[in-house]
Amino acid sequence: MENAKDTFYVTLRNRLAVLNPNRVMMLRGLQRPGILMEEAEVVVPQMPTDAFVLRWTGLDVDGQLPSALAQMTCEMHYTTGGTQPNAGLDRGRALEEMDAELFSILSPSCAQKINYTQTPAVAMATKVFWGIPQFSSASSQRERLTRIAKIAVFAFQEQGEL
Amino acid sequence: MSISAVTNYVSLPTVHRRVRAYFAPVNRVLQMPAIFDPSQTGQFSLDSPPAPWIDLGWIENFTRKSTSSIGSLNSGVSSVAQYQVREAVGATVSLRFKTWSKLTMALAAGSQHMNLIQSASGSAANGSGARGIGAVVVQPGSISTSIVLNAGDLESFSAGCMVAVDVDYTGQTGFVGSGVSAAYVQGATAVNNDPDYIRRVSFNVARVSEVSANGLQLAQPLLAGAPVSGMKVQPISGFVDREGGSFFQEWSAVFVMPGEQSERVIFHYPRLQAMQGAEESTDTLAAPLERVSLNASFRALPVTDSNDGEQVVCFRSFLPGSATLI
């Protein structure tokens with residue numbers, strides 16, 4: 001499943017970098033596109049604002065097929081307090097902007113699976129594909145608005161994959 | 001970053017998420033359906049189908065049924081099947097169009113589908129539209145997306161209006177309509193010798209995006225292509241179909257199921273005729289809001305496959321993905 005998870009993350013990261021080059025964050029001293037995979041970063045007490053945080057939760061595997069089909073649930077968490085020049089009064093607009101960006105970078109809903117554990121990375125035989133996002137209600141905590149979008153991500157397990 | 005490719009061929013099930021529909025008119029005069037050849041154009045871009053196919057977008061509730069029947073020839077004292085015979089060949093296909101348009105509405109209705117020509121002042125009320133205002137002559141130099149008009153003929157048109165473009169009815173009998181056989185006229189009296197009748201049923205319609213000093217710029221190309229000499233244009237306000245009517249439209253259709261591993265399943269019905277009247281269904285968005293879809297149901301009619309002379313009603317093609325064992 002790791003190749004599928006990596007592929008999904010890198011695909012969205014690259015698409016986000018093209019769609020909105022201004023959505024960036026500082027992570028481990030480097031400026032990067034504003035999207036990260038939570039399980040691959042150090043634990044922090046609070047999620048970063050104005051960035052997308054991928055959290056992998058559910059897993060189902062259909063082993064009755066010629067190639068096992070894994071269905072993983074990706075939760076995309078994002079939160080914003082708006083912008084300082086507007087004293088946070090634009091936090092609704094900022095959240096809507098992230099909603100639209102997420103919807104946009106999820107299309108097209110597939111990507112060639114790539115093994116990034118090798119150098120150079122290796123394109124695999126199958127594609128990772130995913131469904132449409134299920135957006136939760138926005139929650140409000142002090143000056144911050146937060147939303148979670150759930151996406152079902154599918155991948156066939158190829159020879160040699162875990 | 002460079003990426004090398006390693007292909008381990010595997011056996012994969014086909015997974016798809018939706019079906020896209022393409023239709024093309026059957027030439028009723030010559031009895032020639034549009035033929036889709038998957039060996040030549042099977043991998044066409046879904047957003048730009050090859051001519052003459054018209055993209056009608058993603059559809060839902062796509063259901064195919066074979067109505068073919070196979071019987072057995074039995075023999076012996078305890079009757080045992082010895083041979084099989086194909087007793088009937090047939091198929092139906094049903095679907096829902098998500099959007100309403102001239103084409104989707106007409107396909108779902110299956111009979112004459114009419115344009116509501118902007119009515120002339122004082123004309124008598126009629127269920128499928130009253131007598132229209134005068135049509136104006138399309139001038140030379142017009143193309144499928146631009147209609148040249150005399151400056152004095154522009155007053156009936158404005159940006160955003162819709163128009164029908166076709167020839168006058170002058171006593172023709174048989175199939176009428178440019179680009180698509182839109183109706184069958186038995187005689188002039190049946191259509192009241194109405195000069196607007198062909199424009200009333202024509203599929204050669206479009207929305208006007210801009211009115212200039214020279215004529216009309218269209219937001220979409222006319223289905224029949226560049227207007228020919230003798231065509232006239234009239235503003236329309238919408239469309240109407242009826243429960244009833246004696247005419248059967250006939251269309252060729254291609255349905256594409258794009259798989260998630262780049263495979264493609266294609267269903268080609270060279271000849272489809274509607275097998276039900278106009279009907280809608282709804283999906284509740286959030287009560288009381290409902291999305292209204294057009295239900296369509298077709299019966300497939302036969303063509304002869306020139307490869308072996310067999311009469312068939314549908315072709316199902318499978319173009320495997322690059323990683324799939326076949």
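Which residue takes a positive phi just after H2(B)? In this predicted model, the residue is Gly110(B), with a phi of about 90°. The helix that precedes Gly110(B) spans residues 102-109 of chain B. Eight of its eight residues are buried, so H2(B) is largely enclosed by the rest of the structure. The buried set begins with Lys102(B), Leu103(B), Thr104(B) and Met105(B). It continues with Ala106(B), Leu107(B), Ala108(B) and Ala109(B). In an α-helix there are 3.6 residues a turn, so positions three or four places apart point the same way.

One residue of this helix, Ala108(B), is touched by Asn295(B). Asn295(B) belongs to strand E19, residues 289-300 of chain B. Its relative accessible area is 12%. Asn295(B) therefore counts as buried, a class that requires a value under 20%. Beyond residues up to four places away in sequence, Asn295(B) also touches Leu95(B), Arg96(B) and Gln276(B). Glu279(B), Glu280(B) and Ser281(B) are further partners. With Ser281(B), the link is also polar: the two side chains are joined by a polar contact of 2.9 Å.

The strand that holds Asn295(B) pairs with E18(B), which covers residues 279-286. Seven bridges join E18(B) to E19(B), and the two strands run antiparallel. They form a hairpin, with two residues between them. Within this pairing, Asp283(B) of chain B stands opposite Arg291(B) in E19(B). In a regular strand, side chains alternate between the two faces of the sheet.

A further buried site lies in strand E10, residues 162-167 of chain B, where Ala164(B) is found. The relative accessible area of Ala164(B) is 0%, so this residue is buried. Its contacts, leaving aside neighbours within four places in sequence, include Asn115(B), Arg199(B), Asn204(B) and Val205(B). Lys232(B), Val233(B), Gln234(B) and Ile236(B) are also in contact with Ala164(B). Val185(B) is 21 residues from Ala164(B) along the chain. The C-alpha atoms of these two residues are separated by 19 Å.

The largest pocket has a volume of about 780 Å³. Its lining comprises 26 residues. Nearest the pocket centre lie Pro108(A) and Ser109(A), together with Arg17(B), Arg18(B) and Glu260(B). By class, the lining has twelve nonpolar residues, six polar residues and eight charged residues.

Note on methods. Residues numbered from 1 in each chain as written. Chains lettered and ligands numbered in written order. Predicted model: local features only at pLDDT ≥ 70, side-chain atom pairs only at ≥ 80, totals over all residues. Heavy atoms only, no water. Helix = DSSP H or I, 4+ residues; strand = E, 2+ residues; numbered from the N terminus. Buried < 20%, exposed > 50% of the residue type's maximum accessible area, 1.4 Å probe, protein only. Polar contact = N/O pair within 3.5 Å; in protein donor to acceptor, adjacent residues only side chain to side chain. Contact = heavy atoms within 4.5 Å. 1 Å grid on protein atoms, 1.4 Å probe; cavity = no way out; pocket = protein on both sides within 12 Å on 5 of 7 lines; lining within 4 Å. Points joined across faces, edges and corners; volume = space filled by probe spheres on them. Nonpolar A, V, L, I, M, F, W, Y, C, P; charged D, E, K, R; others polar. Pairing = 2+ DSSP bridges.
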